[in-house]
Each structure stands twice: as C-alpha cells, then as structure tokens.
Amino acid sequence: GRSVVVDECVQTRIRASIEEGRRETGLLIGQLASQRDYVACLIPTPAQEEDKSSSNLGEKIVLDDNWAVEHAKQVVRMLPGGLNVVGVYAIAPPNAMDAFLAQ
C-alpha cells in the first residue's frame, strides 16, 4: 500500500472542521512520490453562485460533479511547479457523509 504524509497544519484544519460540524468538499494539494505522497494544503471547493445562500452547516453535502471538476482545473492552473492536485476530500458528520456517499 501507499503511505501519505500529511502536514500538521492540514491535520489541525481537518480536526477543527470536524469539531465545528462543518460540511465541506475540496482538493488535496501536494506532491506524489514513488514511496510516499505528501499533502501540504486543503483547498475547499467554493459554492457556486446560485448556491451561495446555502450554509455549510446544512443537513447534507451537495456536490455538483461539473463544478468540482471546473474548480480543480482552475486550481491546477494557479499552482506553482512541483505541486499538484493529489486527491479530493469530504468532511461531514457521519449521518451527512452516509447520505453523500449514497449519491
């Protein structure tokens, strides 16, 4: 299996998001290596213009696949050399995550 090294500030942000009950999806930014992958930053996927009124404290996570792909494309264009999108993440309480995974 592959191992992933996650920067301490990323771990702290994930813990804080969980404790606050935040519902969030986004991109993992870092480097892929032959032995280990490194995650240096989380970049949340912003709400679409028509979704700005919805709160991240709602009952469920709503993810538009096309919007998530567009966000990833924009982020890739802005990243400095050596950093890449290495994955995606979703943070939510267990009940919201179950509904999200069932989509």
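Student: Leaving out residues up to four places away in sequence, which residues does Glu-24 touch?

Tutor: The model is predicted: local features need pLDDT of at least 70, side-chain atom pairs need pLDDT 80 or more, and totals for chains, interfaces and linings use all residues. Numbering starts from 1 along each chain as its sequence is written, and side-chain values use heavy atoms, with hydrogens and water left out. Contact means heavy atoms within 4.5 Å. On that basis Glu-24 touches Arg-13, Pro-44, Tyr-89, Ala-90 and Ile-91.

Student: Is Glu-24 buried or exposed?

Tutor: Glu-24 belongs to strand β2, residues 24-32. Buried means under 20% relative accessible area, exposed over 50%, and partly exposed in between (1.4 Å probe, protein chains only). The relative accessibility of Glu-24 is 9%, so Glu-24 is buried.

Student: Which side chain makes a polar contact with the side chain of Glu-24?

Tutor: A polar contact pairs N or O atoms within 3.5 Å; within protein, one must be able to donate a hydrogen and the other to accept it, and residues adjacent in sequence count only if both atoms are side-chain atoms. For the Glu-24 side chain the distance is 3.0 Å, and the partner is the side chain of Arg-13.

Student: In what order do the elements of the chain run?

Tutor: Helices (H or I, at least four residues) and strands (E, at least two) are DSSP runs, numbered from the N terminus. The chain has 3 helices and 4 strands. From the N terminus on, the order is β-α-β-β-α-β-α.

Student: How far apart are the end C-alpha atoms of helix α1?

Tutor: The expected span of a helix is 1.5 Å times one less than its number of residues. Helix α1 covers residues 8-19, so its 12 residues should span 16 Å. The model agrees, with its end C-alpha atoms apart by 17 Å.

Student: Which residue caps the N-terminal end of α1?

Tutor: After α1 comes Gly-21, with a positive phi near 75°. At the N-terminal end, a side-chain oxygen lies 3.0 Å from the backbone nitrogen of Cys-9, and the capping residue is Asp-7.

Student: Why is Cys-9 not bonded to Cys-41, and how far is its sulfur from the one in Cys-41?

Tutor: A disulfide needs two cysteine sulfur atoms within 2.5 Å, and the whole structure contains 0. Cys-9 is partly exposed at 49% relative accessible area, and Cys-41 is partly exposed at 32%. Cys-41 holds the sulfur closest to that of Cys-9, but the gap is too far for a bond: 7.3 Å.

Student: Which residues form the largest nonpolar core?

Tutor: A nonpolar core is a set of buried Ala, Val, Leu, Ile, Met, Phe, Trp, Tyr and Cys residues joined through side-chain atoms within 4.5 Å. The largest one has 6 members: Val-10, Leu-28, Val-39, Leu-42, Tyr-89 and Ile-91.

Student: Which strands each supply at least two residues of this core?

Tutor: One strand spans 36-44 and another 84-91. At least two core residues come from each of these, β3 and β4.

Student: Which residues does the second, separate core include?

Tutor: This second core has 5 residues. Among them are Leu-27, Ile-29, Val-75 and Leu-79.

Student: What share of the 103 residues is buried?

Tutor: Of the chain's contacts with a separation of 6 or more, 74% join residues 24 or more positions apart. Buried residues make up a share of the 103 residues equal to 27%.
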